[in-house]
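Reader: I'd like to learn how to read a few features of a protein model. Could you walk me through them?

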Amino acid sequence: MRDAALGALALFLCAALGGGCATRNVREVAFESKGTKVELRTQKKGTRVVERNFDHPATIAGARLAHILSRIDLRMEAKKGSKRAPAVPTESLYVIADGLSQALSKANSNQEIAVLSIYKTKRFGIFDRKYLTSFVAYVQEDLLYIHFSASDWKIKTRHKNEKLPQPAIGESVMRFRLLPSKAMAQVDSTSLAVDWRDEIFRRPTRTRITGTGRVVRREILMESEQELEDVSNAPTMPEHLSPSTLRDLADAEEGRLKGELSEAEYRARRREILKAAGAPPPPE
């Protein structure tokens, strides 16, 4: 009884003094949709908020954030060597960008943004595998900092009924190295500083997927009247395509934008991809 009373007193003094206590995160959900949760995290010691001096709230369009995230690659260490892959899977890119945009606009100067996104894959007609992408982001001195903890990380069976690992600066659940592109600087192996105002991020890159029939996704991608016109004229495609089909469509779109495929070759390739997926071809 005496020990319990002393423990309670210690906790009271820790909270009252606001010092000498372990730092904890206070989380607030800013966005949640389609397997993606974006939280605002405030660090506290006792009852005292730890000052972080971020430049929040920050206004960055979801389209621009999608363009930024799509240009980040990583090199993954695998059993058969290393491989290069997008840091943010195409199937999660646009909803993550939208959530990040909303969270940055709501955050205060002491709140970092934590992103956890899960997508599922189907096999034998059922969803049997889940993958996690997670990172921490904030804006400081006109730079967007992104610290990745997981990218397309397969959630093991033992994690399904447990809390998933929370993203944290300097911590990761897998071995990889980020590969920055133009207007990005490497902070460490899993972190980047992005000059998010750079003109290069006004235009979509290799992972642009148009004509899915999802109006909200089109709106996220738009930043100019010309882009809106390009997409409004694009043929619609079936919904609920698999992640691998979406990747193939994105690769074909990239080839068309780069001039590697003619318009006729692009349309033929698109029909071939949809036919292999068992989906009806879009009207030409």
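**Strands, helices and the loops between**

Author: Happy to! Take the pair Phe-31 and Val-38: Phe-31 stands opposite Val-38 in strand E2. Keep in mind that this is a predicted model.

Reader: How many bridges join strand E1 to strand E2?

Author: A general idea to start with: in a regular strand the side chains alternate between the two faces of the sheet. In this case, E1 (residues 23-33) and E2 (residues 36-45) run antiparallel and are joined by 10 bridges.

Reader: And how many residues lie between E1 and E2 in the hairpin?

Author: The hairpin has two residues between its strands. Look at Lys-34 in that turn, where phi is positive, about 50°.

Reader: Where else is there a positive phi in a residue other than glycine?

Author: Try Asp-152, with phi near 55°, and Ala-183, with phi near 70°. Asp-152 sits in strand E8 (residues 143-154), whereas Ala-183 belongs to the loop between strand E9 (176-179) and strand E10 (184-188).

Reader: Is Asp-152 buried or exposed?

Author: Asp-152 is partly exposed, because its relative accessible area is 27%, and partly exposed covers the range between 20% and 50%.

Reader: Let's turn to helices. How do I describe two that pack together?

Author: Two packed helices are described by the angle between their axes and the distance between the axes. Here, helix H2 (residues 62-70) packs on helix H3 (residues 90-106) at about 125°, and their axes are 8 Å apart. That angle makes H2 oblique to H3, and their crossing is right-handed.

Reader: Which residues make the contact?

Author: From H2 come Gly-62, Leu-65, Ala-66, Leu-69 and Ser-70. H3 brings Leu-93, Tyr-94, Ile-96, Ala-97, Leu-100, Ser-101 and Leu-104. Sorted by class, this contact of H2 with H3 holds nine nonpolar residues, three polar ones and no charged ones.

Reader: What should I look for in the loop between strand E3 and H2?

Author: Find Pro-57, which lies in that loop after E3 (48-49). A cis peptide bond joins His-56 and Pro-57, with omega about 0°.

Reader: Arg-52 is in the loop between E3 and H2 too. Is Arg-52 buried or exposed?

Author: Arg-52 is buried, because its relative accessible area is 16% and the cut-off for buried is under 20%. Leaving out residues up to four places away in sequence, Arg-52 touches Gln-43, Ser-109, Asn-110, Glu-112, Gln-140 and Ile-169.

Note on methods: Residues numbered from 1 in each chain as written. Predicted model: local features only at pLDDT ≥ 70, side-chain atom pairs only at ≥ 80, totals over all residues. Heavy atoms only, no water. Axes fitted to C-alpha atoms, helices over the stretch in contact; angles between N-to-C directions. Helix = DSSP H or I, 4+ residues; strand = E, 2+ residues; numbered from the N terminus. Parallel < 35°, antiparallel > 145°, perpendicular 65-115°, else oblique. Left-handed = near helix turned anticlockwise from the far one by under 90°. Contact = heavy atoms within 4.5 Å. Nonpolar A, V, L, I, M, F, W, Y, C, P; charged D, E, K, R; others polar. Pairing = 2+ DSSP bridges. Buried < 20%, exposed > 50% of the residue type's maximum accessible area, 1.4 Å probe, protein only.
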